[in-house]
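Trainee: Hi! I have a structure open and would like to go through it with you. Where do we begin?
Mentor: Happy to help, so let's put it on the screen.

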Amino acid sequence: MTARLATQQSSYLRSAKDQPVHWYPWSDEAFARARREARPILLDIGAVWCHWCHVMDHESYEDPEIAELLNRDWVCIKVDRDERPDVDARYQRAVQALTGQGGWPLTAFLTPDGDVFYGGTYFPPDGKHGRPGFRAVLTELARLYREDPERVARQAGEIAGRLRAARTEATQGSLSPEVLAEAADHMARQFDFRHGGFGAQPKFPHPGACDFLLNRWFDTRQTWQWEIVERTLSGMARGGIRDHVGGGFHRYAVDARWIVPHFEKMLYDNSELLRAYVHAAGAAAAPAPAAPSPPGDAGQLYTEVIDGIVRWVSEVMSDPAGGYHASQDADVGPDDDGDYFTWTPDEARAVVAPDEFEALTRHYDIDEAGEMHHHAGKNVLWIRQPPEAIAAAMQRTPEDVERLLAAGRAKLKRARDARPTPFVDRTLYTGWNAMMASAMLEAAAFLDRPDLERHALATLERLFREAAAPDLAGGMRHAPGSDVDGILDDQVQAAAAALDAYEATGDDAWQDRAGRLMELVWRDYRADDGGLRDTARGRGGVGFLAHELTPAQDAPTPSPNGVAGIVIARLAAHAGDERWSERCRALLDAFAGGLAELSVFGATLLRAADWALMPLTHVVVVGEDDEATMRLHRAARAAFRPRKVLTRLAPDATSRNRLPPVLQAMLDGAAPRAYVCAGTQCAAPMTAPDALTRTLATFGLGN
């Protein structure tokens, strides 16, 4: 029985291979056995990074008595939600329709055909925290399945009907600029003015909403839009959701103040946060335009955050051959809760000098009364006092305090590195790798770090070599070596990253890859409602996999329909092909009727609408592969400008015929040169990087 999981690619499934439960992976075999023996199915969906999944594994699935109940009455299936996002998406919706709540672990009870008749998330073995006990639930549901099959069938049929009714998040309408303003207003009503972010608690980052509002601020210069972005990004940067010692961000905060996180770190969260901080840092550092510039001085803090994410990804999450690992666990054992990342005063005092300890305790709120419920002395590091206030209290200069903090952090990191380290899932998921490669290309330009760019491009080359079907005829698999394919996320994120690689290198092969992937998406993923299905047409499968879903929301990764809209809009601009413009509008019209109300949860679709509705900025850098041209190209890439379409050309490039006619007319053969056209206006050609940076920050605003 254990051999079924021992040979699986998923780290999460392999971690359960020694449990006494007779697990199956998601497979036709498991459903066939359930039908043959007329048994119900216990479906457990979790992840290797998930704290409560580990708790339930330890408390219940490793318990011989509970395993005996499961093996006697149920066919048991264990699913890794990272490996099978298609399975997770459908059963999350089904359990949410039943209970109003989802999450991981997801515990669903199915008929042999895969229909849900009961479900929940974490079940303690004997009942606590106001939750029913797992033993009692298993016993009662098995009895109900045997003795009252009509009731089970009725409940299962009702839930399946709700899932079919909710298969699409698309609401047809006609896209208009008013949608952007209405959506920004909706976001403002959800904004937490005191702590930043959206909603109360738990508090999730929503980097896509920050990007959308940053674009709106650039276009409208309404200060409140910048303030929402600044308070949100600064609140997270100062909070415990950020790892101040090792860099990067944890998945979310359980409180409204961003202090106490769920400690797992996800590649996809950090990719989108890296991108948002790069954009905000670029906006904060840009030369002041005629309209009001961003208030406050957040640029230095944002750059520190960017450096931290890049450092964590490079040290912990990067494969030297190209590729980024999927996640880092929160814990090292079932009784742990972020102990690797937190500190008692004695632990900190033991590894730093006395004056460093005083500065650290004031800065990061290291106190005898910590924030962790399971260990009262454990402290989450968050910024309570700035260096200036600490300097006054310690009678030192702010520069001295900065040096003490830097030295103390380095010592804390060395001590933390010696602790048992939370598990890193080294799976190279295609969509997530593409997201991080894109973000790293942007960070490389902003920080002037060619090493980051080389690794990001090597990652994309590896994906297109090891996870792509020959000639991209079948698109991208979910990971190199995976037998899971036909996932929309993987196709559109790989296409988006290929376009970013094209803008970074000027190599037409990358644009060709993006175009071929999106042609496949348009052919194989179109749904009847005009949106894109999350899986390829005709892919099917057992259980709820036959149900069609058209996702609009960013949950938890950016909406693939939104990403597709952005990629298609960019292809239209780069290729000069009206077909792409028509497709972009058709896709976005499928969601336009409910787009504004989606607010922060529809931020990626709103960014796509922004691309479709607002003027684009075309930037063309012409020159040979010399240093002067490279400096212009780096300046063009690093400057913040919404809806920027960057093309790099050799002086004799034949591909210039894809440019807008007004730009074609301006190219005079001189090199190196940079050309900028915003909407219908064009600036004079430039040869200096500083002039290009200033032009991208100011040109065309207020007109």
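Mentor: Let's begin with a word we will need: buried means under 20% relative accessible area, exposed means over 50%, and partly exposed is in between, using a 1.4 Å probe and protein chains only. This is a predicted model, in which local features need pLDDT of at least 70 and side-chain atom pairs count only at pLDDT 80 or more, while totals for chains, interfaces and linings use all residues. Residues are numbered from 1 along each chain as its sequence is written, and side-chain values use heavy atoms, with hydrogens and water left out.

Trainee: Got it. Is lysine 78 buried or exposed?
Mentor: Lysine 78 is buried, with a relative accessible area of 0%.

Trainee: And which residue does lysine 78 form a salt bridge with?
Mentor: Its partner is aspartate 44, with the closest N and O atoms 2.6 Å apart. A salt bridge here is a side-chain nitrogen of Lys or Arg within 4 Å of a carboxyl oxygen of Asp or Glu.

Trainee: Where do the two sit?
Mentor: Aspartate 44 is in strand β2 (residues 41-46) and lysine 78 in strand β3 (residues 75-80), so the salt bridge ties together parts that are 34 residues apart in sequence. Aspartate 44 is buried too, at 1% relative accessible area. As for the labels, helices (H or I, at least four residues) and strands (E, at least two) are DSSP runs, numbered from the N terminus.

Trainee: How many salt bridges are there in the whole structure?
Mentor: A search finds 55. One of them joins glutamate 627 and arginine 634, with the closest N and O atoms 3.0 Å apart. Glutamate 627 is partly exposed at 43% relative accessibility, and arginine 634 is partly exposed at 27%.

Trainee: Which residues are joined into one network by salt bridges that share partners?
Mentor: Those are Asp63, Glu65, Asp126 and Arg135. Within that group, the side chains of arginine 135 and aspartate 126 meet at 2.7 Å, N to O. Arginine 135 is partly exposed at 22%, whereas aspartate 126 is exposed at 57%.

Trainee: New topic: how many residues does the largest nonpolar core have?
Mentor: It has 184 residues, and those with the most contacts inside it are Trp26, Trp74, Tyr91, Phe109, Leu274, Tyr277 and Met518. A nonpolar core is a set of buried Ala, Val, Leu, Ile, Met, Phe, Trp, Tyr and Cys residues joined through side-chain atoms within 4.5 Å.

Trainee: What does methionine 518 touch?
Mentor: Not counting residues up to four places away in sequence, methionine 518 touches Val492, Ala495, Ala564, Val567, Ile568, Leu571 and Trp580. Contact means heavy atoms within 4.5 Å.

Trainee: Let's look at valine 492, then. Where is its place?
Mentor: Valine 492 is in helix α20 (residues 488-505), and it is buried, with a relative accessible area of 0%. Its contacts, leaving aside neighbours within four places in sequence, are Met518, Val521, Pro560, Val563, Ala564 and Val567. Valine 492 and valine 563 are 71 residues apart in sequence, yet their C-alpha atoms are 6.3 Å apart in space.

Trainee: How about a helix: how many residues of α4 are buried?
Mentor: Helix α4 (residues 51-61) is mostly covered, with eight of its 11 residues buried. Among them are His51, Cys53, Met56 and Tyr61.

Trainee: Anything odd in the backbone?
Mentor: Some background helps: most residues other than glycine have a negative phi, and most peptide bonds are trans. Glutamine 201 and proline 202 are joined by a cis peptide bond, with omega about -5°. Proline 202 is in the loop between α9 (178-190) and α10 (207-220). Another cis bond runs from alanine 671 to proline 672, with omega near -5°.

Trainee: And which residue other than glycine has a positive phi near 60°?
Mentor: That is aspartate 365, in the loop between α15 (354-364) and α16. Aspartate 365 is buried, with 12% relative accessible area. Serine 599 also has a positive phi, of about 55°, and counts as buried at 2% relative accessibility. The loop that holds serine 599 is between α24 (595-598) and α25 (603-613).

Trainee: Thanks, I'll look those up on the screen!
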